[in-house]
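Please open the model in your viewer and keep the selection tool ready. The tour goes from one selection to the next and says what is there.

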Amino acid sequence: MVPGAESLWEGAVLVEEGAWVYESALCNEYLEEKYPTPALAPQEPGAKAQMRLWVEWCNSQFVPSVISLRYEGRKPAAERSQEKISHNKDKLRTLLARLEERLQSRDYLMDDYSVADIAFTPFLAMCEGVGVDLGAFPRTAQWAERLKRRESFEEVKIGLGA
């Protein structure tokens, strides 16, 4: 365990054989390296770096807008900031357009299902619940449906309170 790390994080933690990991992207990468079958990351360094960039982009760009919309939606209607809601929906439309472009010629972000797709899964699943329609982004909507049809999605649904 990392000394003093207990005070850094009170959420989900992966602890295995002395490894202490928090933050979902790092947990996913740790699990991919520890259990490489089935492969969930490209082996070629450039492609692996690109996959990591998609994960970082998800966490730094996509997630904050989805979470902000979710928090605003939990407030009483009179307390919701329509400015924040509009700003985050506009931002998500821009981000979804980029995903749409990426998915024009592939079924998954890295061609094969990968840690990058895993990073997006719970937040794509939240989009409908926060009023973000994927209808204008057909390839992205199809990708989201492929992700939801995966057996592993049942565990994501539990985490979303389904």
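Select Trp57 first: with a relative accessible area of 11%, this residue is buried, a word used here for under 20% relative accessible area, with exposed meaning over 50% and partly exposed what lies in between, for a 1.4 Å probe and protein chains only. This is a predicted model, in which local features need pLDDT of at least 70 and side-chain atom pairs count only at pLDDT 80 or more, whereas totals for chains, interfaces and linings use all residues. Residues are numbered from 1 along each chain as its sequence is written, and side-chain values use heavy atoms, with hydrogens and water left out.

Add Trp54, which counts as buried at 7% relative accessibility. Trp54 and Trp57 are three residues apart in helix H2 (residues 45-74), and therefore separated by about one helical turn; helices here are DSSP runs of H or I with at least four residues, numbered from the N terminus.

Now show the aromatic rings. The structure holds five aromatic pairs, a pair being rings of Phe, Tyr and Trp (its six-membered ring) with centres within 6.5 Å, where planes under 30 degrees apart count as stacked, over 60 as edge-to-face and the rest as tilted. The ring centres of Trp54 and Trp57 lie 5.3 Å apart with the planes at 85 degrees, so this pair is edge-to-face. Extend the selection to Phe62, Phe120 and Trp143, which ring pairs link with Trp54 and Trp57 into a cluster.

Staying on Trp57, select Arg98, which lies over the face of that ring at 5.0 Å from its centre; the criterion is NZ of Lys or CZ of Arg within 6 Å of the ring centre and within 35 degrees of the ring normal.

Move next to Tyr108 and Tyr113, both of them buried. Their ring centres are 5.6 Å apart and their planes at 75 degrees, so this pair too is edge-to-face. Over the face of Tyr108 lies Arg146, at 5.7 Å from the ring centre.

Finally, colour the chain by pLDDT, the predictor's confidence in each residue, from 0 to 100. The protein chain averages 88, and 88% of the residues score at least 70. Among the elements of the chain, helix H3 (residues 82-102) has the highest mean pLDDT, 98, and helix H6 (residues 153-159) the lowest, 64. Over residues 1-11 the pLDDT is below 50, and this stretch has seven contacts in the model beyond near neighbours in sequence, a contact being heavy atoms within 4.5 Å.

Methods:
Helices (H or I, at least four residues) and strands (E, at least two) are DSSP runs, numbered from the N terminus.
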